[in-house]
Amino acid sequence: MSVPLKILVPVKRVIDYAIKPRVNATHTAIETTNVKHSLNPFDELSLEAAVRLREASLPGPKKSPHPTPSVTDILALSAGPAKCTDVLRTAMAMGADRAIHVEIDPTTSAGKDKEGGAEGESQELEPLGVAKLLAQVVRAEDRNFVILGKQSIDDDSNQTGQMLAGLLGWGQATQAREIVFEEEGKGGWMVKVTKEVDGGVETVRSPLPMVVTTDLRLNEPRYASLPNIMKAKKKKLEKKSLEDYGVDGGRRLRVLRVEEPPARKGGGKVEDVDGMISRLKELGAI
């Protein structure tokens, strides 16, 4: 009998991509007060991929001509402050079946950091902490496929997916631009992922269970329609804490200072090509 997919899609609430980030007055972080937040764009790709996998396995116009495993559950998860419920409702409006919110108060002390820092620092999870949390959720919720954005647009770490695969001992494929399932043996599945690399693309194969991180060319996410937004309000959203999963939220890194990038100097105009060459020589560029 074919093994069904139980998918975990981690999502993150970040400053909206159209907003220009500003450093706060103390130069310790990016200002987030009264700033518009939204679902991390790379996580939208992951949600869309999960929903398309389910649609491809069902009878109808979107059914894939290729063998595709059935999807029994799509679980969205976010860890952060109370307002993370907004992005989880969006995830369910896009097609997730249910959601888990691991509540973290950013103003609450996470305990002393590993470098002996003071109490009261931000409890926002670092990539390793997120990976440890996801590993516990995978075990508790019996997941066999995790698909997440390759990075969040606030810290651009691009580490969580790789760390999660290492903690679980699963196969991984990063920066996916295409995901195809192939039948393997008695009800098993192989996942073939085409990923972007420097100078071209690379195709890898791995059996389930597996971790996949998504890149921009994978798909075009759908908009959450008004009827689906209303339906999402009735879907299950479970509240959890780090303690429920036995995860330590202590930080290992300390941000010493955050600075705006230096302003770019204005350009100059030249009359012709000879003038440009002369100017480049003056600057020592040629």
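How many nonpolar, polar and charged residues does the lining of the second largest pocket have? The legends below take us there, and to some other corners of this predicted model.

**Figure 1. The whole protein sets the scene for the close-ups, with six helices and 11 strands.** Before zooming in, let us get our bearings. The C-alpha trace spans about 75 × 50 × 40 Å along its principal axes. The protein has 286 residues, and 42% of them count as buried.

**Figure 2. The second largest pocket holds about 560 Å³ of space.** Its lining is made up of 19 residues, and those closest to the centre are S38, L39, E44, T90 and Y223. Now for our opening question: sorted by class, the lining has nine nonpolar, three polar and seven charged residues. Where along the chain do we find elements that each supply at least two residues of this lining? They are strand 3 (37-39), helix 1 (41-57) and helix 2 (84-94). Helix 2 gives the most, with four residues.

**Figure 3. Three aromatic residues, F145, F181 and W189, are linked into a cluster by ring pairs.** To describe a pair of aromatic rings, we use the distance of the centres and the angle of the planes. The count of aromatic pairs here comes to two. In one of them, the rings of F145 and F181 sit 5.6 Å apart, centre to centre, with 70 degrees between the planes, an edge-to-face arrangement. This pair links distant parts of the chain: F145 belongs to strand 6 (residues 145-149) and F181 to strand 7 (residues 171-184), 36 residues apart. F181 also pairs with W189: the ring centres are 6.4 Å apart and the planes stand at 80 degrees, so this pair is edge-to-face. Are these residues buried or exposed? F145 and F181 are both buried. F181 counts as buried because its relative accessibility is 4%, and the cut-off is under 20%. W189 has a relative accessible area of 6%, so this residue is buried as well.

**Figure 4. The largest nonpolar core brings together 36 residues.** Which members touch the most other members? They are I7, F145, I179 and F181, and two of these names, F145 and F181, will be familiar from the ring cluster. Several elements give two or more residues to the core, including strand 1 (5-10), helix 1, strand 4 (71-80), strand 8 (188-197) and strand 10 (210-214). Strand 6 and strand 7 are also among them. Helix 2 gives the most to this core, with six residues. You have met helix 2 before, as the element that gives the most to the lining of the second largest pocket.

**Figure 5. Helix 6 has a cap at its N-terminal end, provided by D272.** Look for a side-chain oxygen of D272, which lies 3.3 Å from the backbone nitrogen of D274. What follows helix 6? The answer is G284, a residue whose phi is positive, near 80 degrees.

**Figure 6. P261 lies in the loop between strand 11 (237-240) and helix 6 (273-282).** Its relative accessible area is 65%, over the cut-off of 50%, so P261 is exposed. For a sense of distance, try finding T72 as well. P261 and T72 are 189 residues apart along the chain, and their C-alpha atoms are separated by 47 Å.

Key:
Residues are numbered from 1 along each chain as its sequence is written. Side-chain values use heavy atoms; hydrogens and water are left out. Buried means under 20% relative accessible area, exposed over 50%, partly exposed in between (1.4 Å probe, protein chains only). A polar contact is a pair of N or O atoms within 3.5 Å; within protein, one must be able to donate a hydrogen and the other to accept it, and residues adjacent in sequence count only if both atoms are side-chain atoms. On a 1 Å grid over the protein atoms alone, a cavity is a set of points where a 1.4 Å probe fits but cannot get out, and a pocket is an open set with protein on both sides within 12 Å along at least five of seven lines; lining residues have an atom within 4 Å of a point. Grid points are joined across faces, edges and corners, and a volume is the space filled by probe spheres set on the points. Ala, Val, Leu, Ile, Met, Phe, Trp, Tyr, Cys and Pro count as nonpolar, Asp, Glu, Lys and Arg as charged, and the others, Gly among them, as polar. Rings of Phe, Tyr and Trp (its six-membered ring) pair if their centres lie within 6.5 Å; planes under 30 degrees apart count as stacked, over 60 as edge-to-face and the rest as tilted. A nonpolar core is a set of buried Ala, Val, Leu, Ile, Met, Phe, Trp, Tyr and Cys residues joined through side-chain atoms within 4.5 Å.
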